[in-house]
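Student: Before we look at the model, could you show me how to read the packing of two helices, and then how to read the surroundings of single residues?

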Amino acid sequence: IPSVSNIVPESCLLIVVGLLVGGLIKGVGQKPPILNSDIFFLFLLPPIILDAGYFLPLRQFTENLGTILIFAVVGTLWNAFFLGGLMYAVCQLGGPGLNHIGLLANLLFGSIISAVDPVAVLAVFEEIHINELLHILVFGESLLNDAVTVVLYHLFEEFAAFEQVTIIDIILGFLSFFVVSLGGVFVGVIYGVIAAFTSRFTSHIRVIEPLFVFLYSYMAYLSAELFHLSGIMALIASGVVMRPYVEANISHKSHTTIKYFLKMWSSVSETLIFIFLGVSTVAGHHYWNWTFVISTLLFCLIARVLGVLVLTWFINKFRIVKLTPKDQFIIAYGGLRGAIAFSLCYLLDYKHFGMRDMFLTAIITVIFFTVFVQGMTIRPLVDLLAVKKKQETKRSINEEIHTQFLDHLLTGIEDICGHYGHHHWKDKLNRFNKKYVKKCLIAGERSKEPQLIAFYHKMEMKQAIELVESGGLGKVPSAVSTVSIQNVNPKTLPVERILPALSKDKEEEIYKILRNNLQKTRQRLQSYNRHTLVADPYEEAWNQMLLRRQKARQLEQKMNNYLTVPARKLDSPTMSRARIGSDPLAYEPKTDSENVPIITIDPASPQSPESVDLVNEEPRACGGLPPSPEEDEEGLVMRAQEPSSPGTDDVFTPGTDEGPSNQRMLRCLSDPGPPPEPEEEEPFIPKGQ
């Protein structure tokens with residue numbers, strides 16, 4: 001029923017189905033099954049987290065990792081202590097039914113209910129198609145806050161059994177956060193490397209390749225849970241580490257199997273979790289206390305809104321792309337709670353926590369409110385606020401290549417500026433990965449030969465084999481190309497050639513290969529920054545050559561002004577006759593001979609006078625020195641230009657002395673100035689006529 005599913009999220013419908021099934025079972029006199037915590041944590045949760053970690057959008061995740069960590073760690077701690085402290089105050093003021101609940105029990109309750117649930121976030125956010133930034137911020141927070149939740153949960157659970165909590169216990173509890181989070185990541189990385197190394201040797205058993213991905217991921221989760229580390233962090237780390245190497249080693253069919261099996265497995269787990277939530281609501285023991293339940297719901301919303309506003313104000317001081325008020329509202333509104341809180345509360349021991357039933361009732365109320373009310377209203381609110389949606393179309397190969405090019409450019413800018421940002425460290429990690437890790441974890445020539453060339457060779461050989469099998473050739477050499485085959489046995493093409501249709505999988509593979517290989521920038525031999533720039537040996541000579549050319553052009557411009565005879569401004573014939581008629585003797589044309597240099601030409605020169613030696617003329621004309629009498633008598637000597645040796649610059653020929661006095665310049669002296677226009681008459685009548 002699309003009209004219903006467009007309004008109500010799938011998770012809400014599944015909870016309603018669970019409520020109906022639980023009521024039906026109870027109606028026939030049977031006891032409905034309750035969501036057992038061991039079943040939830042061991043079998044239902046890992047597929048969802050592995051699917052999220054294996055297909056995690058790594059670029060958006062790493063670019064916003066600082067923001068995600070602040071929301072996940074600081075935000076969850078704020079929610080837990082704010083909620084726990086206020087609920088303790090409510091219990092002290094709430095009457096006889098709540099007075100016996102102590103501070104530790106309230107803090108434990110706050111740590112359980114404060115964490116955003118990844119299952120609920122995935123179920124709602126994937127349906128509203130929110131933009132990548134908001135999706136990765138809320139979903140990344142829900143994944144990484146698991147470490148904080150696990151630490152606080154076990155910490156307060158153990159403190160409840162102590163007679164007295166000392167300062168040392170609190171310090172050890174604070175340090176256990178780093179052990180739990182970093183330990184989980186370390187376990188996941190170890191199993192991810194082992195999975196990638198194992199996939200090197202599976203080329204002859206392609207059928208069981210997907211099994212290794214699931215097996216090592218699940219072992220990472222179980223190993224982390226065994227030592228009370230964060231199993232969710234271990235699953236995410238193993239999925240992120242193993243994916244690039246495993247996909248380079250396994251076949252395309254195995255990759256498709258992993259993709260669809262993970263999607264199916266996580267979808268089944270999600271469905272079972274929400275149905276069991278509904279059934280457990282009907283089947284569980286509840287203790288309703290209006291004051292406690294309403295206070296919990298109200299303080300959950302207040303803590304979430306205050307935490308997001310304060311943390312975003314702090315984060316925006318360091319972010320280039322600021323989080324707008326609309327983004328802050330969606331982040332605060334998207335803090336959904338789910339089955340993890342329910343299962344953690346169900347694990348509590350009645351011996352130390354006699355109020356477990358009341359905690360369960362309050363948690364189920366908060367889960368129902370966030371999933372139903374917030375989950376159903378977030379889609380209309382996103383449309384109302386005109387929040388940017390996710391692009392449904394894939395980015396083109398051109399966009400992918402330009403994105404990689406800009407990453408490389410930003411890395412170079414950071415190196416030159418001496419600023420070691422995340423582009424710099426990403427580049428270092430990529431170089432280390434290419435130089436050492438890929439050679440160990442990727443099989444055969446794939447770690448060395450570019451994937452594009454390998455793919456071309458594979459297609460070429462496949463085409464040759466198909467041609468031989470079809471009987472087109474009697475004998476084909478082993479290393480034969482498609483072009484040579486077509487030359488040996490050319491085929492007459494039909495008038496309308498039908499191109500073979502590419503399958504979706506093949507198109508995806510070609511797209512991925514082109515995206516990864518079309519942008520291969522020139523790798524630097526060594527790192528550089530603005531303090532240790534390596535001098536270019538050709539740079540100084542090139543600069544000298546440019547300077548000499550510039551001086552030569554300036555000198556040529558000055559000599560143009562110096563040697564060219566300026567043309568007289570001619571009067572019209574009528575004006576000339578009027579002047580001559582009024583005073584013939586006064587109007588006598590005079591040439592500016594004193595301003596024109598005397599040019600002496602050797603008539604016996606074997607070459608035409610095409611060059612002027614400016615050795616002696618240049619200091620006089622351009623340097624501002626007074627001419628000597630000998631030079632004045634001699635005039636400007638014109639010499640033939642010697643033929644230049646091959647390879648020299650045609651504008652200048654540098655001699656032993658690099659100064660401007662040894663420069664030779666081409667100069668045409670045959671132009672005495674602009675000639676008079678032919679149709680005009682002579683401007684004067686010579687004397688004596």
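Tutor: Let us begin with a helix pair in this predicted model: H14 passes H15 in a right-handed crossing.

Student: Which residues in H14 and H15 meet?

Tutor: From H14, Arg304, Val305, Val308, Leu309 and Thr312 meet Gln328, Ile331 and Ala332 of H15. Sorted by class, this contact of H14 with H15 has 5 nonpolar, 2 polar and 1 charged residues.

Student: At what angle do helix H14 and helix H15 pack, and how far apart are their axes?

Tutor: Helix H14, which spans residues 290-315, packs against helix H15, residues 325-333, at an angle of about 140 degrees, and their axes are 9 Å apart. Angles over 145 degrees would count as roughly antiparallel and 65 to 115 as roughly perpendicular, so H14 and H15 are oblique to each other.

Student: Staying with H14, is Thr296 buried or exposed?

Tutor: A residue under 20% relative accessible area counts as buried, and Thr296, which lies in helix H14, is therefore buried at 0% relative accessibility. Leaving aside residues up to four places away in sequence, Thr296 touches Leu83, Met87, Phe109, Ala362 and Val366.

Student: Where does Ala115 lie, and what does Ala115 touch?

Tutor: Ala115 lies in the loop between helix H6 (103-114) and helix H7 (118-128), and Ala115 is buried, with a relative accessible area of 11%. Again not counting residues up to four places away in sequence, Ala115 touches Thr76, Asn145, Thr149, Leu336 and Arg337. Ala115 and Leu77, 38 residues apart in sequence, are 9.1 Å apart in space from C-alpha to C-alpha.

Notes. Residues are numbered from 1 along each chain as its sequence is written. This is a predicted model: local features need pLDDT of at least 70, side-chain atom pairs count only at pLDDT 80 or more; totals for chains, interfaces and linings use all residues. Side-chain values use heavy atoms; hydrogens and water are left out. Axes are lines fitted to C-alpha atoms, for helices over the stretch in contact, and angles run from 0 to 180 degrees between N-to-C directions. Helices (H or I, at least four residues) and strands (E, at least two) are DSSP runs, numbered from the N terminus. Angles under 35 degrees count as roughly parallel, over 145 as roughly antiparallel, 65 to 115 as roughly perpendicular and the rest as oblique. A crossing is left-handed if the near helix is turned anticlockwise from the far one by less than a right angle, and right-handed if clockwise. Contact means heavy atoms within 4.5 Å. Ala, Val, Leu, Ile, Met, Phe, Trp, Tyr, Cys and Pro count as nonpolar, Asp, Glu, Lys and Arg as charged, and the others, Gly among them, as polar. Buried means under 20% relative accessible area, exposed over 50%, partly exposed in between (1.4 Å probe, protein chains only).
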